[in-house]
Amino acid sequence: MTESESEHEHEQERSPARDPTRVVAQGTFDLLHPGHVHYLEEAAALGEKLHVIVARPETVDHKPAPIVPAPQRRDAVAALEVVDHARLGHPEDFSVPIRAIDPDVLVLGHDQHHDEREVAAMLADWGIDCRVERASGLEADGDRLHSSSEIKERVRERRSVDVPRR
Ligand SMILES: Cc1cc2nc3c(=O)[nH]c(=O)nc-3n(C[C@H](O)[C@H](O)[C@H](O)COP(=O)(O)O)c2cc1C
Ligand SMILES: Nc1ncnc2c1ncn2[C@@H]1O[C@H](COP(=O)(O)OP(=O)(O)OP(=O)(O)O)[C@@H](O)[C@H]1O
């Protein structure tokens, strides 16, 4: 590469017209909590635009179905300052939203059951040039929670204690 070509490439890298680095995060987000915010902030720090895929109930088969309807979960995620764009996932074909976003980085949550290598291979099969990262977890301290399932469980416990008092 000549010196002038290299200078030109440098100019292109800094040009505001170039594509911003796109990061994609995903999850169910049924009852938002600080663990979700931590995950999304970590994901956002890995690029310039954060896109979030919010799971459809049809694809949530590893735990009880979400309580909150999918469009409401999407709208709550979209309202977070750190999120540039939130969309509902596809009910069957995970490649559809990923192709629409064409991410540079995909960030898996600390406890997501997806395997990094399998996801990387799937993205490569779809022709998406994207690296896969794993986020850290945020531990809750006093009166622990930071988990949608645990919030729901605590509500159930409180109700089962409260009902006989009525
Ligand atoms: C690469 C990738 C693409 C995904 N695309 C979709 C999708 O299109 N539709 C969907 O409902 N879920 C999609 N998901 C899955 C969910 O967003 C979520 O990861 C999964 O249901 C696990 O939920 P949880 O992390 O909230 O437990 C995708 C996950 C990955 C890793
Ligand atoms: N405490 C936490 N710290 C960091 N990331 C979290 C935390 N809780 C959830 N996340 C991440 O947020 C994304 C969406 O998570 P999800 O909707 O499954 O919430 P959850 O609270 O883990 O739900 P559940 O308790 O039902 O498993 C996932 O990538 C998940 O890893």
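Visitor: How many residues does the largest nonpolar core have?
Guide: In this predicted model, the residues with the most contacts inside that core include Ala-25, Leu-40 and Val-52. Strands β1 (22-27), β2 (49-54) and β4 (105-108), together with helices α2 (34-44) and α3 (70-78), each supply at least two residues of the core. Counted in full, the largest nonpolar core has 23 residues.

Visitor: Which residues does Leu-40 touch, not counting those up to four places away in sequence?
Guide: Leu-40 is one of the core residues with the most contacts inside the core. In soluble globular proteins, nonpolar side chains tend to be buried together. Leaving out residues up to four places away in sequence, Leu-40 touches Ala-25, Leu-50, Val-52, Leu-80, Val-82 and Val-83.

Visitor: Where does UniProt place the feature "domain: Cytidyltransferase-like"?
Guide: The name comes from an unreviewed UniProt entry. In the model, the annotated span is 34% helix and 16% strand, and its end C-alpha atoms lie 27 Å apart. UniProt places this feature at residues 25-154.

Visitor: Why does Gly-35 count as partly exposed?
Guide: Gly-35 has its place in helix α2, and the unreviewed UniProt entry lists Gly-35 under "binding site". Not counting residues up to four places away in sequence, Gly-35 touches Leu-138, His-146 and Ser-147. A residue is buried with 20 or more C-beta neighbours within 10 Å and exposed with 12 or fewer; Gly-35 has 19 inside 10 Å, and therefore counts as partly exposed.

Visitor: Is Asp-111 buried or exposed?
Guide: Asp-111 also appears in the "binding site" list of the unreviewed UniProt entry, and is found in the loop between β4 and α5 (116-125). Because Asp-111 has 12 C-beta neighbours inside 10 Å, this residue counts as exposed.

Visitor: Which element gives the largest share of the shell around ligand 2?
Guide: Around ligand 2 there are 19 residues, the closest being Gly-27, Thr-28, Gly-35, Gly-109 and Ser-149. Two elements, α2 and α6 (148-162), give two or more residues to this shell. By class, the shell divides into 3 nonpolar, 13 polar and 3 charged residues. The largest share, 4 residues, comes from α2.

Visitor: How many charged residues does the shell around ligand 1 have?
Guide: Ligand 1 has 18 residues around it, of which Gln-26, Thr-28, Thr-59, Gly-89 and Phe-94 come nearest. Both β1 and α4 (95-101) supply at least two residues of that shell. Apart from 8 nonpolar and 9 polar residues, the number of charged residues in the shell is 1.

Notes:
Residues numbered from 1 in each chain as written. Chains lettered and ligands numbered in written order. Predicted model: local features only at pLDDT ≥ 70, side-chain atom pairs only at ≥ 80, totals over all residues. Core = buried A, V, L, I, M, F, W, Y, C linked by C-beta atoms within 7 Å. Contact = placed C-beta atoms within 7 Å. UniProt positions renumbered as here; feature names shortened; annotations may be inferred. Near = placed C-beta within 6 Å. Nonpolar A, V, L, I, M, F, W, Y, C, P; charged D, E, K, R; others polar.
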